[in-house]
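I opened a new notebook for this structure. I plan to look up a few helices first, then some single residues.

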Amino acid sequence: MPKSGVAYVTSVGMEVHAELLTETKMFCGCLNRFGGEVNTRVCPVCLALPGALPYINRRAVEHVLRTALALNCQIAMRSLFHRKNYFYPDLPKGYQLSQYEETNPIGYAGYLVIPAGDDGLATKRVRLRRVHLEEDTGKLMHLPSGGSGVDCNRAGVPLMEIVTDFPPDIHTPEEAREYLQQLRLLLVYLGVCDGKMEQGSLRCEPNISIAEESAEKLGVKTELKNLGSFRAVASGIRHEETRMADELGRGNELKQETRGWNEDKETSFVMRVKEQEQDYRYFTDPDLPPMVFTEEYIETLRANLPELPMQKRQRYIEALGLSAYDAGVLVADREWAEFFDGAVEDGGDPKQVCNWMNGDFARLLNEDKLDVSESKVRPSHIVNIVNLVESGAINGKTAKEVFERTYKSGELPAEIIESEGLSQISDTGAILCVVREAIKENPDAVGKFKEGKTNIKGFFVGKVMQKTKGRANAEIVNQLLDVELSK
Ligand code: ZN
Ligand code: MN
């Protein structure tokens with residue numbers, strides 16, 4: 001009989017691998033690039049031919065240090081590489097160079113702050129256990145002939161691993177997704193990873209367990225693989241919590257296993273069952289010296305960190321008065337946020353600048369499938385249009401048309417208004433003439449108005465706007481119509 005009414009708590013640990021943006025691989029001079037003809041970016045070092053000696057990529061180490069600092073980690077001032085020995089066909093060396101032990105990883109004991117709560121105004125800390133540096137493996141591939149092969153272009157690419165602390169702070173699929181999105185954004189802002197999940201440069205393997213609310217220990221965990229998108233992360237975890245609750249409800253015991261996610265079928269399948277913890281026979285790599293950092297070097301890196309996405313987001317909300325939603329949309333793309341910062345620095349009202357950006361500007365870019373960097377619109381254009389509307393020089397309708405022209409040509413809005421004579425008419429006398437004309441030309445409509453159909457006023461507003469090519473100040477038009485129609 002299924003157990004009913006049992007409340008389970010889900011716990012999710014996150015293990016994330018990020019390929020680092022470097023010119024060359026981790027321990028040799030081969031180019032670090034996605035794709036390319038198979039086995040063309042290899043050398044004796046990344047293929048581990050006998051006698052080949054690895055050397056450490058300084059830029060990769062710097063990327064991990066900066067990430068660890070941005071993630072509020074402790075830094076190991078002396079850090080080693082270890083060999084993690086195991087056999088798998090995508091690992092021609094027979095071991096992966098990685099970092100072992102509790103306080104040896106470059107970064108440890110940190111945390112990432114993520115948005116929380118229904119309105120996104122609260123925040124939550126997700127504690128991190130380690131941020132370490134290792135190398136990527138090759139890729140197994142199916143050959144047209146039916147056999148399999150290994151492409152070693154990826155073997156030896158610098159890889160950073162970021163692992164959350166235990167017991168987990170993440171308890172829902174949505175939190176897991178938020179964590180991954182914020183982490184990805186942080187890496188992109190730091191310029192250490194391109195964050196392309198679809199190309200595998202950012203990979204996430206959550207482990208999921210459920211336990212009764214009153215339980216003292218966490219339940220048996222499943223590790224989930226093949227999650228190629230944020231959506232897959234959330235739906236995969238949701239599927240697992242339901243599947244495990246079902247199993248327990250039927251009185252079955254859960255097995256510790258690794259499962260794959262089938263995104264098309266929205267279901268998971270067993271990849272392997274863990275019999276026992278694998279023994280990787282870790283030992284210090286004899287060919288690589290320890291990395292030793294000075295206090296001064298670390299403090300220089302810390303001082304040069306950019307404003308991080310969550311700091312930006314909180315500043316937009318708290319100092320600039322934007323909603324959590326608007327702030328989130330701006331921060332989600334680094335260039336978009338920098339554009340916004342530029343416009344606000346130029347004196348644009350933050351709320352108005354944000355409305356133009358996330359409204360008309362985003363729509364136009366989206367229609368043309370352009371990035372903000374490819375557009376002719378610069379922050380000064382947005383500030384200009386915001387100020388023209390605010391000062392009453394043009395009305396909202398004209399502003400939209402002017403902005404579309406600015407978007408197409410790159411002309412300054414003020415220049416378009418000047419050359420086209422588009423400025424708003426706020427001269428009461430001039431508007432009154434037009435209002436009277438409209439009333440005179442439409443006696444039937446006036447009759448209806450007098451019979452009590454007051455919403456016909458909108459018809460007159462339209463007529464006046466038509467006659468002034470949309471340039472009349474709408475507020476004045478409305479005031480004058482109220483007076484004239486009631487005569
Ligand atoms: Zn190489
Ligand atoms: Mn790893």
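I start with a cut-off: a residue counts as buried when its relative accessible area is under 20%. I also note that this is a predicted model.

**Entry 1: helix α9**

I looked up which residues of α9 are buried. They are P379, H381, I382, V383, N384, I385, V386 and L388. Next I asked what covers these buried residues of α9. The cover includes α7 (334–345), α8 (350–368), α10 (396–409) and α11 (413–420).

I then checked the length of the helix. Helix α9 runs over residues 379–390, twelve residues, and at 1.5 Å a residue it should span 16 Å. Its end C-alpha atoms are 17 Å apart, so the span agrees with the expected value. After α9 comes G392, and I noted a positive phi for G392, near 85°.

**Entry 2: α8 against α10**

Two of the helices that cover α9 also pack on each other, so I looked at that pair, α8 and α10, because a packed pair can be described in a simple way. The two helices pack at an angle of about 45°, with their axes 11 Å apart. Because of that angle, α8 counts as oblique to α10. I recorded the crossing of α8 past α10 as right-handed.

Which residues make the contact of α8 with α10? On the side of α8 I listed W356, D360, F361, R363, L364, L365 and D368. On the side of α10 I listed A399, K400, F403, E404 and Y407. I sorted the residues of this contact by class and got seven nonpolar, no polar and five charged.

**Entry 3: α5 against α6**

I looked up a second helix pair, helix α5 (residues 309–318) and helix α6 (residues 324–331). Their axes are 9 Å apart and the packing angle is about 140°. The crossing of α5 past α6 is right-handed.

From α5, the residues P309, K312, R313, Y316 and I317 take part in the contact. They meet A324, A327, L330 and V331 in α6. By class I found seven nonpolar, no polar and two charged residues in the contact of α5 with α6.

**Entry 4: A155**

I turned to single residues. A155 sits in the loop between β9 (148–151) and β10 (158–164). Is A155 buried or exposed? Its relative accessible area is 4%, so A155 is buried.

I checked what lies around A155, leaving aside neighbours within four places in sequence. A155 is in contact with K25, C46, D136, T137 and G138. I also looked up the separation of A155 from V42, which is 113 residues away along the chain. The C-alpha atoms of A155 and V42 are separated by 8.0 Å.

**Entry 5: a cis peptide bond**

I looked at the peptide bond that joins F166 and P167 and found it to be cis, with omega about -5°. P167 lies in the loop between β10 and α2 (173–190).

**Entry 6: positive phi at N39 and A48**

I noted N39, which has a positive phi of about 55° although it is not a glycine. N39 is in the loop between β1 (8–19) and α1 (58–70). Its relative accessible area is 35%, so I put N39 down as partly exposed.

I noted A48 as well, with a positive phi of about 55°, and A48 is not a glycine either. A48 is placed in the loop between β1 and α1. With a relative accessible area of 29%, A48 is partly exposed.

**Entry 7: D194**

Where does D194 lie? I found D194 in the loop between α2 and β11 (202–212). D194 counts as partly exposed, because its relative accessibility is 27%.

I looked up its contacts, again without neighbours within four places in sequence, and D194 is in contact with L21, R184, V188 and S201. I also compared positions along the chain and in space for D194 and A18. D194 and A18 are 176 residues apart in sequence, and their C-alpha atoms are 8.7 Å apart.

**Entry 8: T258**

My last residue was T258, in strand β13 (residues 257–262). The relative accessibility of T258 is 4%, so T258 counts as buried. Which residues does T258 touch, not counting residues up to four places away in sequence? I listed E223, K225, F269, V270, M271 and R272.

Note on methods:
Residues are numbered from 1 along each chain as its sequence is written. Chains are lettered from A and ligands numbered from 1 in the order in which they are written. This is a predicted model: local features need pLDDT of at least 70, side-chain atom pairs count only at pLDDT 80 or more; totals for chains, interfaces and linings use all residues. Side-chain values use heavy atoms; hydrogens and water are left out. Helices (H or I, at least four residues) and strands (E, at least two) are DSSP runs, numbered from the N terminus. The expected span of a helix is 1.5 Å times one less than its number of residues. Buried means under 20% relative accessible area, exposed over 50%, partly exposed in between (1.4 Å probe, protein chains only). Contact means heavy atoms within 4.5 Å. Axes are lines fitted to C-alpha atoms, for helices over the stretch in contact, and angles run from 0 to 180 degrees between N-to-C directions. Angles under 35 degrees count as roughly parallel, over 145 as roughly antiparallel, 65 to 115 as roughly perpendicular and the rest as oblique. A crossing is left-handed if the near helix is turned anticlockwise from the far one by less than a right angle, and right-handed if clockwise. Ala, Val, Leu, Ile, Met, Phe, Trp, Tyr, Cys and Pro count as nonpolar, Asp, Glu, Lys and Arg as charged, and the others, Gly among them, as polar.
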